[in-house]
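The following exercises are to be worked with the sequence and the structure side by side. Each task is followed by a solution in steps.

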Amino acid sequence: TTSNPRVKEQMARRYDSSTTTFSPEGRLHQVEYAIEAINNAGTCVGILSKSGIVLASERRVTSGLLAPAKTSDKTYKLANHAACCVAGLTADANILIDQSRLRSGRYQHQYCEPIPIEQLVEHVCNYKQSYTQYGGLRPFGVSFLFAGYDDVHGYQLYQSDPSGNYSGWKATVIGANNSAGKSLLKNEYDPDGDGTMPDMATALKLAVKVLNKTMDSATTSTSAEKMELFTMTRDAGGDCVHKILTKSEVQRFVDEVAAEAEASGSGGAGEATQ
């Protein structure tokens, strides 16, 4: 009877309402559904560069009647040396952001030095994982890109998902159409394959290219209003500087990417006609 697809589907439904019970195939369906929900969220891009980190995110404007936000709802400062980008349910993200800020502040107070970035990420992910292991709870419907700097490992970029897993990256994409974005990054982040990181301007243009690729071109026009660019760098005194680019600065990079695409397209057409 178990070979019958209908019976298998009925068996799967017995287990997809609980985060604490494994299905016969060894899966936690609610956790998988939470991860799948992120694939419908606004795209976020993270890129390591020689002199800092770029976080780029898609802005989804639901209504022109909404009052302009006073702060970003995609990029958040966690500490002087750490920030994050959010894909998924912002309300869920706020709980985890508060947890990370609290942990960072307590570490600073106890040890009189900034918390190592991976330790901060691990703390948040342990908190997320606990919501997949105890009954009566649901997973957090949010993924993060964590960006930070410490004296031991320099600039670091981490990705985490609702299961509590995290991993370090040179460049990655989360949210809608993330597979298309990752394939573009794989080809263009280090085209020579010698491990060389791009400079900040190149990383910003690459982030714009990825958002152009992942955003739905049929419904979204490429403009500064549709994307947010954030950079983390260090000043002359060694302190981290968090900056969200203005619309005019974002538009400049959007125009440069469009000009490069047009030039490469016309160059290819010229070669074809010769």
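**Exercise 1. The nonpolar cores**

Setting aside neighbours up to four places away in sequence, L229 contacts (heavy atoms within 4.5 Å) L55, A56, L204, A207, V208, K243, I244, L245, V250 and F253. The model is a predicted one, in which local features need pLDDT of at least 70 and side-chain atom pairs count only at pLDDT 80 or more, while totals for chains, interfaces and linings use all residues. Residues are numbered from 1 along each chain as its sequence is written, and side-chain values use heavy atoms, with hydrogens and water left out.

Task: Determine which residues of the largest nonpolar core touch the most other members, and which element gives the largest share of this core.

Solution.

Step 1. A nonpolar core is a set of buried Ala, Val, Leu, Ile, Met, Phe, Trp, Tyr and Cys residues joined through side-chain atoms within 4.5 Å. Buried means under 20% relative accessible area, exposed means over 50%, and partly exposed lies in between (1.4 Å probe, protein chains only).

Step 2. The largest nonpolar core has 44 residues, of which I47 and L229 touch the most other members. Helix 6 (residues 200-214) contributes eight residues, the largest share of this core.

Step 3. Another core, of 21 residues, lies apart from it and includes V86, A93, I115 and V121. In soluble globular proteins, nonpolar side chains tend to be buried together.

**Exercise 2. The chain as a whole**

Task: State how many helices and strands the chain has, and what percentage of its residues count as buried.

Solution.

Step 1. The chain has seven helices and ten strands. These are DSSP runs numbered from the N terminus, with helices being H or I of at least four residues and strands E of at least two.

Step 2. Of its 274 residues, 42% count as buried.

Step 3. Where contacts in the chain join residues at least 6 apart in sequence, 61% of them link residues at least 24 apart.

**Exercise 3. The two sides of helix 3**

Task: Identify the buried residues of helix 3 and state which elements they pack against.

Solution.

Step 1. Helix 3 (residues 90-111) has 22 residues and reaches 31 Å from its first C-alpha to its last, close to the 32 Å expected at 1.5 Å a residue. The expected span is 1.5 Å times one less than the number of residues.

Step 2. The buried residues of helix 3 are D92, A93, L96, I97, S100, S104 and Y107. Viewed down the helix axis, the buried residues of helix 3 fall within an arc of 130°, so they line one face of the helix. The arc is that of the directions from the helix axis to the C-beta atoms.

Step 3. These buried residues pack against strand 3 (75-79), strand 4 (82-88), helix 4 (117-130) and strand 5 (142-150). On the face turned away from the buried side, helix 3 carries the exposed residues A91, R106, H109 and Q110.

**Exercise 4. Positive phi in loops**

Task: For C112 and N177, state where each lies in the chain.

Solution.

Step 1. C112 lies in the loop between helix 3 and helix 4. Its phi is near 60°, a positive value in a residue other than glycine, and C112 is exposed, with a relative accessible area of 64%.

Step 2. N177 lies in the loop between strand 8 and helix 5. N177 is not a glycine, yet has a positive phi of about 55°; its relative accessible area of 43% makes N177 partly exposed.

**Exercise 5. Two threonines and a glycine**

Task: Which side chain makes a polar contact with the side chain of T172, and is T132 buried or exposed?

Solution.

Step 1. T172 belongs to strand 8 (residues 171-174) and is buried, with a relative accessible area of 0%.

Step 2. The side chain of T172 makes a polar contact with that of Q159 (3.1 Å). A polar contact is a pair of N or O atoms within 3.5 Å; within protein, one must be able to donate a hydrogen and the other to accept it, and residues adjacent in sequence count only if both atoms are side-chain atoms.

Step 3. T132, in the loop between helix 4 and strand 5, is buried, with a relative accessible area of 8%. A polar atom of the T132 side chain lies 2.7 Å from the backbone oxygen of Q129.

Step 4. G181, in helix 5 (residues 178-188), is buried, with a relative accessible area of 0%. Beyond its neighbours within four places in sequence, G181 contacts V173, V210 and T214.
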